[in-house]
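User: I am new to this structure. Please show it, and then explain how its descriptive terms are justified.

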Amino acid sequence: MKTLAILGSTGSIGQSTLSICESFPDRYQVASLAAGRNVDAAFEQCSRWRPKLVSMATEELAGTLIGRLRSAGITGIGVVYGSAGAVEVATLPEVNFVVSAIVGVAGLEATYAAVCAGKTIGLANKECLVAAGELILEAARERGVALLPIDSEHNAVHQCMRGGKPSEVKQIWLTASGGPFRNTPLREFENITPAQALKHPTWVMGQRITIDSATMINKGFEVIEACRLFDLPPAKVRVTIHPQSTVHSLVEFVDGSILAQISVTDMRLPILYALAYPERPEAPHLTFDLSALSQLDFSQPDLERFPCLRLAYEAAGSGQAACIALNAADEIAVAAFLEGRITFPGIARTIEQVLAETPACRAASIQDVLNADVAARECARRVISERAAAVSSA
Ligand code: MG
């Protein structure tokens, strides 16, 4: 029996994880949840799963949840809050597996604490490896902690890597759907609306990651994550556009063999793989119908169309400070785009300028990472308002 802490339990990965727990009650039980801001969902999860500990984003939300639990007569659930609360959830002694799925740098501290406490990690939070990869991997190596990727591409690579030794890997290929603007004429990019960018062709996901897929910076983050997870230089982590999203990624070995992982586009599959590793439990509800497969297309990504992907490769090559800035600037730029303050191509322009203004430096602690993140966000906000001022005075 594995005992789980789920960081980000009310988000889409968190809910899919609970759905796996529902399907495999003799394998997985839930001990603690970090539920963020959604009190209704947190209350429902508390009544269904009766965890020992729940963390909310703020003291006020924790108070609201305590009130709801009390009036429903539910007892025995500790309610904590904030980043300290998420750390408590992640390091609860009876927990042996932590699903890290809090979106953003908010998940960093708790994930790092879980690694330091020796828990096995199912990793869905991108920032952990993009912004703090060196720190987290170093801590994991020191303690012999397994980091099992839940992101579908890295999960696929992890599966294919079992087909050979690390030294036999020539390169890996991360597949990308290409997003909704794969074939949109470049001249129309300035007029892309948030509503258009929020329609992803194959995956249903949160708002930021959907926009990040449309700009392909999401794939850029995944390149950085893959470099860290599989200890590969950026040149050995390639991206291929695969609109069907059926092959989740591929590993090319030195003898010319390429292994690909194919499955349904359902996050429950990589979650189950990570939870059950190194076993493979039977999952009839996740069967892929091979007879329905008629065509698999692969093509090179166009870096003029997707400048964010180019910027991510550049950041991967220049190091930690650039990777922190890439992520922070993107989050601010995506929010500005969704609020109609910058255009779709303005996202890449903002990030490029922030990267140009970011000095190289080494973050030696999670606090250093968080400080560099704050500085990059401030820089991005300034870049956006300076550009807006330049446009309105033009
Ligand atoms: Mg992915």
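Analyst: Met216 is placed in the loop between α10 (207-215) and α11; helices (H or I, at least four residues) and strands (E, at least two) are DSSP runs, numbered from the N terminus. The model is predicted, so local features need pLDDT of at least 70 and side-chain atom pairs pLDDT 80 or more, while totals for chains, interfaces and linings use all residues. Residues are numbered from 1 along each chain as its sequence is written, and side-chain values use heavy atoms, without hydrogens or water.

User: What makes the phi of Met216 notable, and is Met216 buried or exposed?

Analyst: Its phi is near 70 degrees, a positive value in a residue other than glycine. Met216 has a relative accessible area of 2%; buried means under 20%, exposed over 50% and partly exposed in between (1.4 Å probe, protein chains only). Met216 is therefore buried.

User: Where does Ser245 lie, and how do you know whether Ser245 is buried or exposed?

Analyst: Ser245 belongs to the loop between β9 and β10 and has a positive phi of about 50 degrees although it is not a glycine. With a relative accessible area of 7%, Ser245 is buried.

User: What makes the peptide bond from Tyr277 to Pro278 notable?

Analyst: This bond is cis, with omega near 5 degrees. Pro278 sits in the loop between α12 (268-276) and α13 (307-318).

User: How do you know that strand β1 pairs with strand β2, and in which sense?

Analyst: Two strands pair if DSSP finds at least two bridges between them. Six bridges join β1 to β2 (residues 28-36), and the two strands run parallel; within this pairing, Thr3 stands opposite Gln29 in β2. Four bridges join β1 to β5 (residues 97-100), also in parallel, with Ile6 opposite Val99. In β1 (residues 2-7), five of the six residues are buried.

User: Which hand does the unit of β1, helix α1 and β2 have?

Analyst: β1, α1 (residues 12-23) and β2 make a right-handed β-α-β unit. The term applies because, with the strands pointing away from the viewer, the path from the first strand over the helix to the second runs clockwise.

User: Why are β4 and β7 called edge strands?

Analyst: The open sheet of seven strands has the order β4-β3-β2-β1-β5-β6-β7, with parallel pairing. β4 (78-81) and β7 (147-149) each have a single partner strand, so one side of each lacks a neighbour in the sheet. For β7, three bridges to the parallel strand β6 (residues 120-123) establish the pairing, and Ile121 has Leu147 as its bridge partner.

User: What order and pairing does the open sheet of four strands have?

Analyst: The order is β9-β8-β10-β11, and the pairing is mixed. Its edge strands, β9 (237-241) and β11 (258-262), each pair on one side only. β8 (residues 169-176) and β10 (residues 247-253) pair in the antiparallel sense over five bridges, with Gln171 opposite Glu252.

User: Why are helices α15 and α16 described as they are, in terms of their angle?

Analyst: α15 (residues 344-357) and α16 (residues 366-393) pack at about 125 degrees, with their axes 9 Å apart. Angles run from 0 to 180 degrees between N-to-C directions, and axes are lines fitted to C-alpha atoms, for helices over the stretch in contact. Angles under 35 degrees count as roughly parallel, over 145 as roughly antiparallel, 65 to 115 as roughly perpendicular and the rest as oblique. α15 and α16 are therefore oblique to each other. Contact means heavy atoms within 4.5 Å; the residues that meet include Arg349 and Glu357 in α15 and Ala376 and Arg387 in α16.
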